[in-house]
Amino acid sequence: MGSWDDKMSGNGTLYVVGLGPGERRLMTPAALAALARTPVVVGYGKYLDQIDDLLVGKKVIRSGMGAEVERCRRALAAAAAGSDVGVVCSGDPGIFAMAGLLYELRDREAVFAGVEIEVVPGLSAVFAAAAALGSPLTNGCVILSLSDLLTPTAVIVKNLEAAALSELACALYNPAGKKRRELLQQALAIFVRQRGPEVPAALLKNVSRRDEERWLGPLADFPAERVDMNSLIIIGNATSVISRGNLYDRRGYREKYFPEN
Ligand SMILES: C[S@@+](CC[C@H](N)C(=O)[O-])C[C@H]1O[C@@H](n2cnc3c(N)ncnc32)[C@H](O)[C@@H]1O
């Protein structure tokens with residue numbers, strides 16, 4: 001919430017709003033309230049289209065893929081000029097989204113120093129995907145992005161190796177683009193090597209959107225050719241179970257309460 005001092009200094013508050021994975025019912029009341037109070041809303045076109053009914057009467061600043069720095073600067077500038085501003089992100093604003101960049105720009109550019117930033121959380125794709133599958137993250141998870149546009153490939157591979165070595169389920173965001181497919185192959189090979197070909201895996205496309213698709217099976221059969229930028233991959237572990245079309249991770253209740261089987 002913007003403080004009284006900020007309002008007195010003439011700065012608006014910048015709300016970084018998580019829209020959730022798609023469906024309106026998965027948007028939080030706090031996200032709806034933040035958008036209701038911002039006369040200026042900034043975002044990537046596809047996400048703005050998802051909420052066009054909430055934008056009536058507002059100044060809307062659209063930008064394209066790859067224009068994130070410019071988009072965030074425009075939002076900070078509008079807030080520095082005194083307007084309350086909403087920056088919309090899919091899922092949660094703190095996971096492979098705009099919140100971190102907004103804080104970084106506020107630190108780097110003195111003109112934005114007085115802008116108050118409030119992050120309004122959203123349901124990240126991994127949690128919507130997990131719910132659609134059952135309970136694959138019972139014992140926790142690692143969340144990684146396979147996009148090497150902003151992260152060196154060597155760092156991604158190092159993180160994949162470390163994740164695969166752990167006992168945790170792993171969610172892979174940004175798994176592949178039309179041309180960017182090599183890291184996906186590498187990631188699958190790393191997990192097959194560490195966890196074996198039979199470990200359960202899932203591919204979810206467009207979770208909670210029209211055209212939702214789901215594949216569930218052993219990692220060795222993973223349909224890599226179906227992966228696109230609207231996809232999320234979950235790779236299970238030694239305690240993951242596929243049963244009746246669901247994926248869940250056992251927590252240790254069997255060992256503690258039903259040791260006989
Ligand atoms: C730029 S990241 C944004 C992540 C977002 N901030 C979040 O917390 O979900 C975009 C990636 O998130 C994943 N993603 C976002 N929404 C999704 C959905 N509805 N279904 C499947 N994957 C999704 C995909 O891996 C996509 O490539």
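Select strand β1 and look at its two faces, both of which are covered: Thr13, Tyr15 and Val17 on one side, and Leu14, Val16 and Gly18 on the other, are all buried, where buried means under 20% relative accessible area, exposed over 50%, and partly exposed in between, with a 1.4 Å probe and protein chains only. Because six of the six residues of this strand, residues 13–18, are buried, β1 is largely enclosed by the rest of the structure. Helices (H or I, at least four residues) and strands (E, at least two) are DSSP runs, numbered from the N terminus.

This is a predicted model, in which local features need pLDDT of at least 70 and side-chain atom pairs count only at pLDDT 80 or more, while totals for chains, interfaces and linings use all residues. Residues are numbered from 1 along each chain as its sequence is written, and side-chain values use heavy atoms, with hydrogens and water left out.

Keep β1 selected and add strand β5, residues 116–120, which pairs with β1 in the parallel sense over five bridges; two strands pair if DSSP finds at least two bridges between them. Val17 stands opposite Val120 of β5. Next add strand β4, residues 85–89, which runs parallel to β1 and is joined to β1 by five bridges, with Val87 in β4 as the bridge partner of Val16.

Move now to Ser63, in strand β3 (residues 59–63). Ser63 counts as buried because its relative accessibility is 17%. Its side chain makes a polar contact with the side chain of Arg71 at 2.6 Å. A polar contact here is a pair of N or O atoms within 3.5 Å; within protein, one must be able to donate a hydrogen and the other to accept it, and residues adjacent in sequence count only if both atoms are side-chain atoms. If neighbours within four places in sequence are left aside, Ser63 is in contact (heavy atoms within 4.5 Å) with Gly43, Tyr44, Gly45 and Arg71.

Select helix α6, residues 125–133, where Val126, Ala128, Ala129, Ala130 and Leu133 are buried. The helix is followed by Gly134, which has a positive phi near 140°.

From there, turn to the open sheet of three strands, ordered β6-β13-β12 with mixed pairing. Its edge strands are β6 (134–135) and β12 (240–243), each of which pairs on one side only. Strand β13, residues 246–249, is joined to β12 by four bridges, and the two run antiparallel; Ile242 stands opposite Leu247 in β13.

For the next stop, select the loop between β9 (200–205) and β10 (213–218), which holds Asn206. Most residues other than glycine have a negative phi, and most peptide bonds are trans. Asn206, however, has a positive phi near 55°, and it counts as buried because its relative accessibility is 14%. Asp211 lies in the loop between β9 and β10 as well, and has a positive phi of about 70° although it is not a glycine. At 60% relative accessibility, Asp211 counts as exposed.

Finally, zoom out to the whole protein, whose secondary structure comes to nine helices and 13 strands, and whose C-alpha trace spans about 65 × 40 × 35 Å along its principal axes. Of its 261 residues, 46% are buried, and among contacts between residues at least 6 apart in sequence, 70% join residues at least 24 apart.
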